[in-house]
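The following paragraphs offer a guided reading of the structure shown below. Please keep the sequence and the three-dimensional view at hand while reading.

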Amino acid sequence: MASPSLALISASTLISQGAEAHRFRKGYRHPTLDASLTRSRVAGEARALLRCLRSGVNVPGVRMVDASEGILGIEQVESDALEEYEIPVDVLMQLIGQEIAKMHLADVIHGDLTTSNMMLRHPSSFKSHHPTLRTELVLIDFGLSFYSSLIEDKAVDLYVLERAFSSTHPDSEPLFASILKAYGQGMGKDWAAIERRLDDVRLRGRKRSMVG
Amino acid sequence: MQSYQLPHLPPHLSSVHAALFKDVSDAAQLRQRLITASTAEGPDGTRARDALNFAFIEARLITSLQHLRTAIHQAVMADALGSLRTRTVHSEIIWSLNPTNNISEAMRRYGVSDTSTSLVVVRIDSPELSVTDIERDMDAAVNGTKVPFADLRDITDWTAVKKYHKLGNEVAIQQTKGDVDRERGVVDEIATSSVAMKMVMG
Ligand SMILES: Nc1ncnc2c1ncn2[C@@H]1O[C@H](COP(=O)(O)OP(=O)(O)O)[C@@H](O)[C@H]1O
Ligand SMILES: [Mg+2]
C-alpha cells in the first residue's frame, strides 16, 4: 500500500497553492512537510518542539508525525526577510538572546544555532502580545537538538552561533555581545558559569584553529 | 455538520464528517446503548452498531477545530498504516486526544460519559456513503442541538484541559501572566501538538 504521508507530499503543489491562497487567513495554518528524516531524528525533533512549546519558547507547532516514513509536519510560520520588519538591530539581538535563554532554561540544546534557523513571524498572521513589537522570533530546525543540563553543552551552543555570526556579519562582535546580554538576563543565576565556560570554549576553539 | 476529504488516504478512510452538539440530554442512555451494541449478537447487533458507528467525543476537552482535525488525521493515519492502538478508527480518535497511553483512561475522559452535555460526533468512512444518510444517523443518535464549531468557544473547559496535559506549572502558561486569550492560545497549541506527535510520545 502506498504511504499516505508520501501521497500527501506528492500532492504538495496543491497544498502550497492552498497555503498561498489562505496566507493571511487567521487561525488557518497548513502543515509544512519537512524533508525526509530518519525515524529517531523525527521523534527527537518533535519531542524537542513540544518541550519548547511547554516551556514558552517560540517554535512552530507540530501537526503530524509519520515516524515510519521519517516525516514531520509542522506549522507553517509566515515570515518575511528581516529588513521588512524595521526592527532596530539591538532589539533583534535581544529577541535572539531571550529565546535561546528560554530554550536553555528548559535544558534543550539546539545543536545548530544560526540565523538561518530563526524566523520572524509575519505581523498579519500573528497576534502580538507585546506592547510595541509586532512580530516574534521563532526558533526552527531542531533536527540536531538534544536534552542536556550541562553548562558545557549550553556554552558550545552559544559558541556555534558566535562562529556563525562572525562568518556572516562583518562587525559581529557588538551584535553578539547584545545577544549575550539578553541571554544572561534570561538565564539569571546560571549565566555566570556559562559565561566562564564560553570563554574556555572560545580558547579551545582558537587553539584548535592555530594547530589546524 | 461539516464534511471534508482526505484524498491522500485509502478510500474507506478518506471522508470525514463532524458535528458539534450542545445541550445533550441523554448522554447516560447513549453510553448505555454503546455498551449494549458492542456485545449484541446477530443482525440486531449489527444494526445497533451501524446506528452508532461514530466517535462520540467529550466536546469540553476540544480546544479548537484544528485540535479536533489533528486527532482525526492522527487516527486515520494509524488505521492506514495498520498501527491502530484501539479497536476502530473512531475509538482511535479518542485515544489520540488523551496525553497518556492508557486506553480506558482515554475513553473515560475523552469519550462520552454520563455527565456529558456537549459532544463532538465524528464519522470516518468512504466517500460513497451519502452525506444526508450520515447526518440523519448522527441526529438520530444524539439528543441535543447541533451548533457551529465556532461555539466551541463557550464549551471548552480550559481548566480540565490544562489539568490533563499537566500544564499548571509550565513556563509557557506562567509567561501569559493571566492574559486569558493568550493562555488559551498556548494551551490549544500544546494540546494540538501533543495529539500530532502521539505516535512518538513514548
Ligand atoms: N515552520 C516553518 N515555516 C515556514 N518555513 C519554514 C519552517 N521551517 C523551516 N522553514 C524553511 O525551510 C528552511 C529549512 O528548514 P530547516 O528546518 O532549517 O531544515 P534544514 O536546515 O535542516 O534543511 C528554513 O530555513 C526556512 O526557510
Ligand atoms: Mg536549517
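**A buried asparagine and its surroundings**

A convenient place to enter this predicted model is A:Asn117, which is buried, with a relative accessible area of 7%. The cut-off for that word is a relative accessible area under 20%, so a value of 7% places A:Asn117 among the buried residues. Along the chain, A:Asn117 belongs to the loop between S4 and S5 of chain A. Its side chain reaches the backbone oxygen of A:Asp112, at a distance of 2.9 Å. Once the neighbours within four places in sequence are set aside, the residues in contact with A:Asn117 are A:His110, A:Asp112, A:Val138, A:Leu139, A:Ile140 and A:Asp141.

One of these contacts, A:Asp141, leads to the metal. The magnesium ion (ligand 2) has as its protein donors A:Asn117, through OD1, and A:Asp141, through OD, and they lie 2.1 to 2.2 Å from the ion. This pair joins distant parts of the chain, for the two residues are 24 residues apart: A:Asn117 sits in the loop between strand S4 (108–109) and strand S5 (118–120) of chain A, and A:Asp141 in the loop between strand S6 (137–139) and strand S7 (146–147) of chain A. As to exposure, A:Asp141 has a relative accessibility of 30% and counts as partly exposed, whereas A:Asn117 is buried.

The wider setting is chain A itself. Chain A contains seven helices and seven strands, and read from the N terminus on, its elements follow the order α-α-β-α-β-β-α-β-β-β-β-α-α-α. Of the 212 residues in chain A, 48% are buried. When contacts in chain A between residues at least 6 apart in sequence are considered, 72% of them join residues at least 24 apart.

Another loop of chain A may be found at A:Gly188, between helix H6 (172–187) and helix H7 (191–211). With a relative accessibility of 40%, A:Gly188 counts as partly exposed. A:Gly188 and A:Ala48 are 140 residues apart along the chain, and their C-alpha atoms are separated by 23 Å.

From chain A the reader may now turn to its partner. The mean pLDDT of chain B is 95, and 100% of its residues reach 70 or more. For the model, the scores are ipTM 0.94 and pTM 0.91.

Where the chains meet, 30 residues of chain B are in contact with 26 residues of chain A. Between chain B and chain A an area of about 2,300 Å² is buried, and carbon and sulfur atoms give 59% of it. On the side of chain B, the residues that lose the most area to chain A are B:His8, B:Met197 and B:Val200, which together account for 24% of what that side buries.

Polar and charged pairs also cross this interface. Ten residue pairs are found in polar contact across the interface of chain B and chain A, both residues being at pLDDT 80 or more. Three helices of chain B, namely helix H3 (65–80), helix H8 (171–174) and helix H9 (180–196), each supply at least two residues of the side that touches chain A. Of the elements on that side, H9(B) gives the most, with eight residues. The interface of chain B and chain A also holds two salt bridges. A salt bridge is formed between the side chains of B:Glu170 and A:Arg54, with N to O at 2.8 Å.

Which residues does A:Ser55 touch, not counting residues up to four places away in sequence? They are A:Ala106, B:Val171, B:Ala172 and B:Gln175. A:Ser55 lies in the loop between helix H3 (39–54) and strand S2 (62–66) of chain A, and its relative accessibility of 10% makes it count as buried.

Two loops of chain B deserve a last look for their backbone angles. In general, most residues other than glycine have a negative phi. B:Asp23, which is not a glycine, nevertheless has a positive phi of about 50°. B:Asp23 lies in the loop between strand S2 (15–22) and helix H1 (27–39) of chain B and is exposed, with a relative accessible area of 53%. B:Lys177 likewise has a positive phi, near 45°, in a residue other than glycine. B:Lys177 belongs to the loop between H8 and H9 of chain B, and at 74% relative accessibility B:Lys177 counts as exposed.

Key
Residues are numbered from 1 along each chain as its sequence is written. Chains are lettered from A and ligands numbered from 1 in the order in which they are written. Side-chain values use heavy atoms; hydrogens and water are left out. pLDDT is the predictor's confidence in each residue, from 0 to 100. Donors are N, O and S atoms within 2.8 Å of the metal (3.2 Å for Na, K and Ca); water is not among the atoms, so sites may look incomplete. Helices (H or I, at least four residues) and strands (E, at least two) are DSSP runs, numbered from the N terminus. Buried means under 20% relative accessible area, exposed over 50%, partly exposed in between (1.4 Å probe, protein chains only). Contact means heavy atoms within 4.5 Å. Buried area is the accessible area (1.4 Å probe) that two parts lose on being put together, summed over both. A salt bridge is a side-chain nitrogen of Lys or Arg within 4 Å of a carboxyl oxygen of Asp or Glu. A polar contact is a pair of N or O atoms within 3.5 Å; within protein, one must be able to donate a hydrogen and the other to accept it, and residues adjacent in sequence count only if both atoms are side-chain atoms.
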